[in-house]
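Biologist: I am new to this structure. Could you take me through how to read it?

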Amino acid sequence: MINSSNFQLKIQEAPLMEPQLAELERLQTRILNRISKLELSLSTQNNNNNNLSACDGGDTTEARLSNILRSNGVKDFAFKKVSSDYYEWPLESRRDVLGAASIDHLCKSIVLVNTQAPSNITDCSDCNNSKYYIVVVQYTARFNAETVKNYLYALNDGKIAKKRFNLRLAPEETSMKLTGYGHNAVTCIGMKTNIPVNILTISSQHCLGRRNELISCYI
């Protein structure tokens, strides 16, 4: 008796010749392969239906972000599902699966904490002198905390001493509390907290030109 997803195939008990056994085995294998393909097809269809439901307003991250983007006039966007080992892939493979124009278009968002902020600076209410910042940086670039320090010093017209800016990667639990996103999933869209966002030195000719600006209006 062969059982696969409640499908049962009973083999006759009468003795069979070797050619007959071989043919029966071939048929059994063919049937079971077709059942497996059918199961996979149904599973994929169910997942697609769930994704469509999410985009139509279900209580999911995709649905929430879709609503935020659309309400802010962003019409051309897409969500891509990748495997769990995505961050082990080379940048070229990530580019291909995301459909990016180049590896220079691949960016990450990281939460920084100013460890030398005065004791009265505990939140993000002052964009120019915040306890926390989000930095968007290319994967092909290197994050430079000194660049951020100099930028914030200039942003405050030199009125705050440079020693008051010491930007370090925020602990993961802090990042999640502030943004609502887990490890390797942080985006500056739809965060739980309005953290000032800094686009850090995008200098590739394929991207936006050389920039280093603070976004004080949040999505």
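Modeller: We will go from the overall fold to the pocket and then to a few residues. Keep in mind that this is a predicted model.

Biologist: How many helices and strands does the chain have, and in what pattern do they follow along the sequence?

Modeller: The chain has five helices and seven strands. Along the sequence they run β-β-α-α-α-β-β-α-β-α-β-β.

Biologist: What share of the contacts joins residues at least 24 apart?

Modeller: Count contacts between residues at least 6 apart in sequence; 54% of them join residues at least 24 apart.

Biologist: How much of the chain is buried, and how much surface is exposed?

Modeller: Of the 219 residues, 28% are buried. The chain exposes about 14500 Å². Carbon and sulfur atoms supply 49% of that area.

Biologist: Which residues of helix α2 are buried?

Modeller: Helix α2 spans residues 61-71, and its buried residues include A63, L65, S66, I68 and L69. Just after α2 comes G73, with a positive phi of about 85°.

Biologist: Now the pocket. How much space lies in the largest pocket?

Modeller: The largest pocket holds about 1900 Å³ of space. It is lined by 48 residues, and those closest to its centre are Y87, N184, A185, V186 and T187.

Biologist: Which elements supply at least two residues of that lining?

Modeller: They are α1 (18-55), α2, α3 (91-98), β3 (107-114) and α5. Strand β3 gives the largest share, five residues.

Biologist: N184 was on the list by the centre. Where is the place of N184 in the chain?

Modeller: N184 sits in the loop between α5 (172-179) and β6 (197-200). Its C-alpha is 8.4 Å from that of K108, although N184 and K108 are 76 residues apart in sequence. The side chain of N184 also makes a polar contact with the side chain of H183, at 3.4 Å.

Biologist: Why is N184 called partly exposed?

Modeller: Partly exposed covers the range between the 20% and 50% cut-offs. N184 is partly exposed because its relative accessible area is 42%.

Biologist: Last, the cysteines. How many disulfides does the structure hold?

Modeller: A disulfide is a covalent bond between the sulfur atoms of two cysteines. This structure holds zero disulfides.

Biologist: Are C107 and C127 buried or partly exposed?

Modeller: C107 is partly exposed, because its relative accessible area is 36%. C127 has 17% relative accessibility, so C127 counts as buried.

Conventions. Residues are numbered from 1 along each chain as its sequence is written. This is a predicted model: local features need pLDDT of at least 70, side-chain atom pairs count only at pLDDT 80 or more; totals for chains, interfaces and linings use all residues. Side-chain values use heavy atoms; hydrogens and water are left out. A disulfide is a pair of cysteine sulfur atoms within 2.5 Å. Buried means under 20% relative accessible area, exposed over 50%, partly exposed in between (1.4 Å probe, protein chains only). Helices (H or I, at least four residues) and strands (E, at least two) are DSSP runs, numbered from the N terminus. Contact means heavy atoms within 4.5 Å. Accessible areas come from the Shrake-Rupley method with a 1.4 Å probe; for residues, only the protein chains shown count as cover. A polar contact is a pair of N or O atoms within 3.5 Å; within protein, one must be able to donate a hydrogen and the other to accept it, and residues adjacent in sequence count only if both atoms are side-chain atoms. On a 1 Å grid over the protein atoms alone, a cavity is a set of points where a 1.4 Å probe fits but cannot get out, and a pocket is an open set with protein on both sides within 12 Å along at least five of seven lines; lining residues have an atom within 4 Å of a point. Grid points are joined across faces, edges and corners, and a volume is the space filled by probe spheres set on the points.
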